[in-house]
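Let's take a walk through a protein together, one step at a time. Have the sequence and the 3D view ready, and turn the view as you read.

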Amino acid sequence: MGTKSLVIVESPTKARTIRRFLPKDYIVEASIGHVRDLPQTAGDVPKKYKGESWARLGIDVDSDYKPLYITPKGKAKIVTELRKQLKECDALYLATDEDREGESISWHLVELLKPKVPVRRMVFHEITKKAITHALENPREIDQNLVRAQETRRILDRLYGFTLSPLIWKKIAYGLSAGRVQSPGLRMIVERERERLRFRKAEYWDLKATLHRPEDGTEASFEARLDTVGGSKVAGGKDFDPETGGLREGSSAVVLPEARADELRTAFLNEPWSVLSVQERETKSRPAPPFITSTLQQEGNRKLRMSARDTMRTAQKLYEEGLITYMRTDSPALSSEAVEGARKSICELYGNEYQHPEPRVYTSRSRDAQEAHEAIRPAGTDFVHPKDSGLSGKELALYELIWKRTLASQMTDAKKSQVSARIRVSDAEFAASGVRILFPGFLRVYVEGKDDPDAALDDREVFLPELTEGMPLALDDLDLDRHETKAPARYTEASLVQRLEREGIGRPSTYASIINTLFERGYVRRQGGALVPTFTGFAVIQLLERYFTPLVEYKFTSEMEESLDEIAVGNRDSLAYLKGFYEGGQGLREQVEVQDKKIEPERSRSVELSILGDDTVVKVGRYGPYLVHQPEDGSDEVHASIPEDYAPADLDAETIQELIEIQKEGPKPIGVDPQTQEPIFCLTGRYGPYVQLGEKTEENPKPKRASLPKELPAKEVTIDVALRLLSLPRTLGVHPETGKEILANNGRFGPYVMHDGDFRSLKKDDDVYTVELPRALELLAEEKKGRGGAKILKDFGKDEKTGKKLVVYDGKYGPYLKAGSKNLSLPDELKDAEKLSSMTLEQARELVEQSLSKKK
């Protein structure tokens, strides 16, 4: 009998890919992530520790901060299977990811499995035959410094979160939390909202001229904008102070009101126009470096509208399938074989003239690049072309982004000619500029912020005819142009990741989970692509700023990261660092005890906004944010709900007054329903304005309601509009096959028709208020798809035992089970197409029951 070796990786996908490159006597198994962790709930703590004062924390702070590790629920079976496999093997290879977390998983596996055979650590940054063979032939020991750094990070996060969070529950609301990186990230979003609150809009005018050379005619016209009048610069957006709405201190610019701009327009119409000066210069732009984790998240958000979490999940899948190198890295460096692969692809696809004369070398700006040591790029030397990858959807889009960025990084500079012209009329000067691309270079394949390089090349070229000093010009049009200054833009996921990285807060591999936590805690919501802080998020940051200032200071958080990096390379003692953070007069434990006595819950639940007067305050409560107004006449306080889709900076004096007046005066009917003769009201609640049929009474505790469309202001709701909204759901008739009713209604994801629990979305041209039975039957007869067009793989119908409709969909990240409104991941053994086709109702029920038991 020959020798066998056990290779352990984190995921089944990675296991399948690696198996292709290993001899048959190597057994590859997956740990499915971490096999040990700190207890998440009090129920996770083993019985023998439940009486200990530190048990809930999961860290024995009196015994050198010894962590209490447990095997999470559902992992015991995996560990048992790994032990069983190990008994039949002569060597153990740990092939987890090459970063701190991967090193930690390997260490925990050894601690749990207690192998009696040789243990070898395999590390590789791509899953190719060459990389796996090299890792197999060159194993190393587990890096204890990396393990200690990861453990210290985990302990530090636990001390921070589990010590501060209960205080926030007590002072603001249950279920809220604070985090070492999460809280400074939230502070950035809140500070930007405060800037928007302080913002004062300014209006200014200028003139836009459309001109052409007399010999060309109007088809070769170009634009020029007013720049100076009488030697003084005309004010533009950057000349205004965003907090006053006036010119910045020291600015000598002239603000043009509409009347003055119109006077100038009239004067210039009959004046001669000529070229005062022309400047032309050649410029070069260089390609961006290959992707690192943070820049991949930023571009994924900008160009593909993917969240940081989606980007990392998709990249993980591409890595595990052997298509890209490891996706958690701080280094933009490319290996010699990567450079060779990129340059080879450039020559084959674009020609030798697009290849930079020498290989471009990129180095990390970070003092301590802590993750893998190469950029994110296509795997191997022969890069797989996106068309030949067999991918689709988001996976194809992200792979193509990585492929293009890698090729572009080794291409020639883009060469452009920039022309600036000054045009004179009377005592004023207009400015015109043009750009010509002399050689596209890397722009041929990749342009930041654009999905189509060819379209981007057109966008970047701005026509300007050949002009010479003194040349007369003909005026086609002279238009008044009104402008308003814009409030500072809210953060997007891309710009937040960029800021976190610039401040040295957290590590790129953690940004996706940080942003996700902000959403889960209800501190932030998405408005389009922008991250908007909620009033609860404001309240939490106010408390931390008042009583725990250092913990949300960017420099302090950045220094914590540097200390953890020093522990990772063995230059700092982890125990001494933890003691310094948690113990002593300035330590977190004592600070929380001291501040607990000072913090007033009532004040902590009040949100300070610059727009509020002395008689009004915003509070966060169990059912969302609300206004508390003390009338001048000393009468009772007025409490008015603030709709949840209102952002703090969107509140203005008029809106506040309107919400208070509606609540103060009580509901006033806007009309009467002709059928029931009941009054109809337009009210504002937690989720925004809505119309209601009849009053809420003991006999009628749930009157019929309908939400207003977002684009419809409450003030504009008429009785006809209200009746139309309240007409839903509409009964269209009965289904000819079942005899059951078919309804049309509006839902969370738009208008739909429904029959016997089976839903179909209405198409663009359908109207929920006028759609009839024949059209509803057409829609119900169509093949059902999930949200976003997900294909149904298996439909079990409504299950009598669970009471839920059970359907298996083919989702963006693979097949999943939808039980009622809840999405459940399928175990890896069921994701295989053959096994999925034979999946039974009993197996689906078991998954639902497991989910319910986890929730309990």
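Let's begin with charge. The protein chain carries 131 positive and 141 negative charges, and the mean positions of these two groups are 6 Å apart. Keep in mind as you look that this is a predicted model.

Now take in the whole chain. The C-alpha trace spans about 100 × 85 × 75 Å along its principal axes. Its secondary structure comes to 25 helices and 31 strands. How much of the chain is buried? Of its 856 residues, 49% count as buried. On the outside, the protein chain exposes about 43,400 Å², and carbon and sulfur atoms supply 47% of that area. The contacts tell us about the fold too: among those in the chain with a separation of 6 or more, 66% are between residues 24 or more positions apart.

Let's go to the surface next. Here R83, K87, K114 and K116 form a positive patch. Try finding K116 in your view: look in the loop between α3 (100-113) and β6 (119-121). Is K116 buried or exposed? Its relative accessibility is 86%, and the cut-off for exposed is over 50%, so K116 counts as exposed.

For a contrast, move to helix α6, which covers residues 182-198 and contains G185. This glycine has a relative accessibility of 1%; buried means under 20%, so G185 counts as buried. Which residues does G185 touch, leaving aside those up to four places away in sequence? The answer is L496 and L500. Compare that with Y204: G185 and Y204 are 19 residues apart in sequence, yet their C-alpha atoms are 35 Å apart in space.

Stay in helix α6 a moment longer, and we meet a salt bridge. The side chains of R187 and E545 come together with an N to O distance of 3.3 Å. This pair links distant parts of the chain, since E545 sits in helix α15 (residues 535-547) while R187 is in helix α6, 358 residues away. R187 has a relative accessible area of 16%, so it is buried.

Salt bridges can also join residues within one helix. E263 and R260 make such a pair, with their closest N and O atoms 3.4 Å apart. Where do these two residues lie? Both are in helix α7 (residues 258-269), 3 residues apart, which is about one turn of the helix. R260 has 35% relative accessibility and therefore counts as partly exposed.

One more pair is worth finding. D766 and R775 meet through their side chains in a salt bridge of 3.0 Å, N to O. The two partners fall into separate classes: D766, at 18% relative accessibility, counts as buried, whereas R775, at 23%, counts as partly exposed. Salt bridges can also share partners, and in this way E126, K130, E337, E374 and R377 are joined into one network.

How many salt bridges are there in total? The count comes to 57. As you turn the model once more, try to find both the exposed K116 and the buried G185.

Terms used:
Residues are numbered from 1 along each chain as its sequence is written. This is a predicted model: local features need pLDDT of at least 70, side-chain atom pairs count only at pLDDT 80 or more; totals for chains, interfaces and linings use all residues. Side-chain values use heavy atoms; hydrogens and water are left out. Patches are made of residues with over 30% relative accessible area and no salt bridge: like charges are joined within 9 Å, nonpolar side chains (Val, Leu, Ile, Met, Phe, Trp, Tyr) within 5 Å. Accessible areas come from the Shrake-Rupley method with a 1.4 Å probe; for residues, only the protein chains shown count as cover. A salt bridge is a side-chain nitrogen of Lys or Arg within 4 Å of a carboxyl oxygen of Asp or Glu. Lys and Arg count as positive and Asp and Glu as negative; His and the chain ends are not counted. The place of a charge is taken as NZ of Lys, CZ of Arg, CG of Asp or CD of Glu. Helices (H or I, at least four residues) and strands (E, at least two) are DSSP runs, numbered from the N terminus. Buried means under 20% relative accessible area, exposed over 50%, partly exposed in between (1.4 Å probe, protein chains only). Contact means heavy atoms within 4.5 Å.
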